[in-house]
Amino acid sequence: MHEMSIALNILEIVKEESIEQRVERVTEIRLAIGEISGVARQSLEFCFSIASKGTVADGAELVFENIPFRAECLACGSIFRVRDYKISCPDCGSKEIRTVSGTELFIRDIEVE
Ligand SMILES: [Zn+2]
């Protein structure tokens, strides 16, 4: 399961952070998730709640911040938001694009008690 390995990765980072900062309880983890990262949020929440049992992050809430899918046109340099997977430049119509954002998944912030 893809989401379980992500949940374990997040947990590892949170654990390291909490040791470094001598935190006893993590209450909230803010995650930035790209629109086309392919991560199922509900599944990730479920996996995380299981993986974090008995750890410093037990009961911590996952808060998701959506990162839009944006692309740059290689023909004219225009940067635009891709909607409904229509991958063509709104300015010149070119389909030669490069992904600028939307594939990422990272921890933005960790709230502690
Ligand atoms: Zn263009």
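A residue is taken as exposed if 12 or fewer other C-beta atoms lie within 10 Å of its own, and as buried if 20 or more do. In the predicted model described here, Arg22 has 7 other C-beta atoms within 10 Å and is therefore exposed. Arg22 lies in the loop that links helix 1 to strand 1, and its phi is near 50 degrees, a positive value in a residue other than glycine. Most residues other than glycine have a negative phi. A second case is Tyr85, which is not a glycine but has a positive phi of about 60 degrees. Tyr85 is located in the loop between strand 4 (79-81) and strand 5 (97-101). With 7 other C-beta atoms within 10 Å, Tyr85 is exposed.

Helix 1, which precedes Arg22, contains 19 residues. The distance from its first C-alpha to its last is 28 Å, close to the 27 Å expected at 1.5 Å a residue. Five residues of helix 1 are buried, namely Ile6, Ala7, Ile10, Leu11 and Val14. These buried residues lie on the same side of helix 1, because the arc they cover around the axis is only 135 degrees. An α-helix has 3.6 residues a turn, so residues three or four places apart point the same way. The cover over the buried residues of helix 1 includes strand 1, helix 2 (41-51) and strand 6. On the face turned away from the buried side, helix 1 carries the exposed residues His2, Ser5, Glu12, Glu16, Ile19 and Glu20.

The strands of the model include two sets of three, treated in turn below. In one open sheet, three strands are arranged in the order 2-1-6, with mixed pairing. Strand 2 (61-67) and strand 6 (105-112) form the edges, each pairing on one side only. Direction ignored, neighbouring strands of this sheet are turned by 20 degrees against each other on average. Helix 1 (residues 2-20) packs on the sheet and touches strand 1 and strand 6. The direction of helix 1 makes about 45 degrees with that of strand 6.

Within the 2-1-6 sheet, strand 1 (residues 26-34) pairs with strand 2 in the parallel sense over seven bridges. Bridge partners in this pair include Ile29 with Leu62 of strand 2 and Ala32 with Glu65 of strand 2. Helix 2 joins these two strands in a β-α-β unit, made of strand 1, helix 2 and strand 2, that is right-handed.

The other open sheet has three strands in the order 4-3-5, and its pairing is antiparallel. Strand 4 and strand 5 are the edge strands, and each of them pairs on one side only. On average, neighbouring strands in this sheet are turned by 35 degrees against each other, direction ignored. Strand 3 (residues 70-73) pairs with strand 5 in the antiparallel sense over four bridges. In this pairing, Glu72 stands opposite Arg98 of strand 5. The loop with Tyr85 runs between strand 4 and strand 5, the two edge strands of the 4-3-5 sheet.

Key:
Residues numbered from 1 in each chain as written. Predicted model: local features only at pLDDT ≥ 70, side-chain atom pairs only at ≥ 80, totals over all residues. Pairing = 2+ DSSP bridges. Axes fitted to C-alpha atoms, helices over the stretch in contact; angles between N-to-C directions. Contact = placed C-beta atoms within 7 Å. Expected span 1.5 Å × (residues − 1). Arc of directions from axis to C-beta. Right-handed = clockwise from strand over helix to strand, strands pointing away.
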